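Morning, everyone. I'll take helix packing first, then the cysteines. Have a look at the structure.

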Amino acid sequence: PGGSRGGAARGSPMGSRSARRQATSEAAAGERADSLDDSDVQAQTAVPVAERSQSEPNSASRGSKRGASANTPPQSSRHTKRAAASLADHVLGKQETLSGRLTTAGPVVVLFSANVTPKEVAKLKTVVQSLGGIVAAADSKDFTHFVAPDFKRTENMLIAIAAGRPVVPPRWLDVCSRSRRFVEANDHLLQDRESERKFQFNMKTSYQHAHSSLLLNDISVCFTPATEKAGQMLACVVPYAGGQLLKSIPTTAQVAEFTNECLVIATSKDRAKCQPLLDAGVGVYSVDLLLNGIVQQRLDRAKYRLFFETSSCNATDGYLKDKQTNSPVQKRRGQ
């Protein structure tokens, strides 16, 4: 027993140093493996672009040091970052909101209308996911396709039309399933003949107009409190149509500073509140200007103007006009 203890004591300095070096090497290798696993996980969970850009500088320096200690090529950490960024961009679809329009070079993101039955949604979700698409949450506005069995002037329907996103019936996904890929939605847009006659629009024409140019580009819009639910819903839709939403009714002095058109959406109860703007030549309209205008992709100002007979000067396009010369007080941008 004593000899064995003595032998162990004599051999411990060299043995312990060797063991420590081996343990240290294994720990470093394990740490590097963990860091690669972490980067893969971060890529698969699709870190938002803004967060990724903030975190990359520090991670790049750490990655380069670890790469050097592991005797890996200098480009390996950069390659890992590029791969992670590429995968994250693919999952995010490089989605950007440009004046309301959602541009996507990535996966199809499908939002189902509340009018699609739960049983059908469950079946169609499987189709979307099997084709590599994403099913949007019910309250999400970041979708590329809106699936609805018929036409209803809901918030999501108006957002889809306003932003130039295709509205398709559930059978579009049946076609996609048979084709084993997402087929072009333009050839399968929702057709609700009865609603199209009622609201005097054509879904394909409206989609093409909005996809080409957003209806409310360079237009400011405000709603009076009296517009209530319709005004609240349309206030959510305005940015997707390219418009600028004003939080309150502007004064005549503020309107005079505008370089774009201003639409005031009100009701018949707002005569007194809107009178100063009417006297200054600002157009005041009913909610139908936008409710129907977004669907039809045209603004019929003459049809939906309010209190026109009470104004002391002509109101055209929301621009103030001089009462003597009837010429615009302000100029459009670039003139």
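One definition before we start: helix axes at under 35 degrees count as roughly parallel, over 145 as roughly antiparallel, 65 to 115 as roughly perpendicular, and the rest as oblique. Keep in mind that this is a predicted model.

Start with helix α4, residues 118–130, and helix α6, residues 171–179. Their axes come within 10 Å and cross at roughly 45°. So α4 and α6 are oblique to each other. The crossing of α4 past α6 is left-handed. Who makes the contact? From α4, it is Lys123, Leu124, Val127 and Val128; from α6, Leu173, Asp174 and Ser177. By type, that contact has four nonpolar residues, one polar and two charged.

Next pair: helix α9, residues 228–237, and helix α12, residues 288–296. Here the axes also come within 10 Å, and the crossing angle is roughly 40°. That makes this pair oblique, too. α9 passes α12 with left-handed geometry. On the α9 side, the contact uses Met233, Leu234 and Val237. On the α12 side, it uses Leu290, Leu291 and Ile294. The residue types here are six nonpolar, no polar and no charged.

Now the cysteines. How many disulfides does a search of the whole structure find? Zero. Take cysteine 222. Its closest cysteine sulfur is in cysteine 262, 4.9 Å away, and a disulfide needs the two sulfurs within 2.5 Å, so that is too far for a bond. Is cysteine 222 buried or exposed? Buried, with a relative accessible area of 0%. Cysteine 236 is partly exposed, at 37%.

That's my part. Over to you.

Definitions and conventions:
Residues are numbered from 1 along each chain as its sequence is written. This is a predicted model: local features need pLDDT of at least 70, side-chain atom pairs count only at pLDDT 80 or more; totals for chains, interfaces and linings use all residues. Side-chain values use heavy atoms; hydrogens and water are left out. Buried means under 20% relative accessible area, exposed over 50%, partly exposed in between (1.4 Å probe, protein chains only). Axes are lines fitted to C-alpha atoms, for helices over the stretch in contact, and angles run from 0 to 180 degrees between N-to-C directions. Helices (H or I, at least four residues) and strands (E, at least two) are DSSP runs, numbered from the N terminus. A crossing is left-handed if the near helix is turned anticlockwise from the far one by less than a right angle, and right-handed if clockwise. Contact means heavy atoms within 4.5 Å. Ala, Val, Leu, Ile, Met, Phe, Trp, Tyr, Cys and Pro count as nonpolar, Asp, Glu, Lys and Arg as charged, and the others, Gly among them, as polar.
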